[in-house]
Amino acid sequence: MLYTKVKLKDGSVVRAGIQANNTYAVCGECGKEIPIHLNEVFSADNADPLDADIVCPECTRKHFAKQKPSMEDIVLLATAICRLGYSKQILRLYDKFGISAIQELRTQDYGAYAEALLSAVSDRN
Ligand SMILES: [Zn+2]
């Protein structure tokens, strides 16, 4: 079993086992706690899984409400969601939108695709 070890002020040591469903990150914008699926984060193709810059779905939605997503935004969003461990959900969305790569997405579908990506993340919480 992997675990984290933290020494408290009183000198006692707390060990907490790292499991599939007990690891969290904090949104870089609002500070909300987001569950992270470590197994998938480490099996995904991440340059550095411990250095993921994480923004919660709500903050990302607010951002896209102000400014329509571009292909670059979609790619960044899909990459970020992959890093959070949702690669299977992203592949399912490819089928739903009838594409085999994000670049095949039509401009008019960008908004719907971004929303579908964010919903895939929210549903699993
Ligand atoms: Zn947030």
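## Helix α3 and the nonpolar core

The buried residues of α3 are I74, L77, A78, I81, C82 and R83, where buried means that 20 or more other C-beta atoms, placed from the backbone, lie within 10 Å of the residue's own. This is a predicted model, in which local features need pLDDT of at least 70 and side-chain atom pairs count only at pLDDT 80 or more, while totals for chains, interfaces and linings use all residues. Residues are numbered from 1 along each chain as its sequence is written.

**The chain at a glance**
- Five helices and four strands make up the elements of the chain, with helices (H or I, at least four residues) and strands (E, at least two) taken as DSSP runs and numbered from the N terminus.
- Starting at the N terminus, their order is β-β-β-β-α-α-α-α-α.
- The chain has 125 residues, and 14% of them count as buried.

**A closer look at α3**
- Helix α3 covers residues 71-83, which is 13 residues.
- From first C-alpha to last it reaches 18 Å, close to the 18 Å expected at 1.5 Å a residue; that expected span is 1.5 Å times one less than the number of residues.
- After α3 comes G85, with a positive phi near 105°.

**The core**
- The largest nonpolar core (buried Ala, Val, Leu, Ile, Met, Phe, Trp, Tyr and Cys residues joined through C-beta atoms within 7 Å) has 12 residues, among them I74, L77, L105, Y113 and V121.
- Both α3 and α5 (110-123) supply at least two residues each to this core.
- The largest share, five residues, comes from α3.
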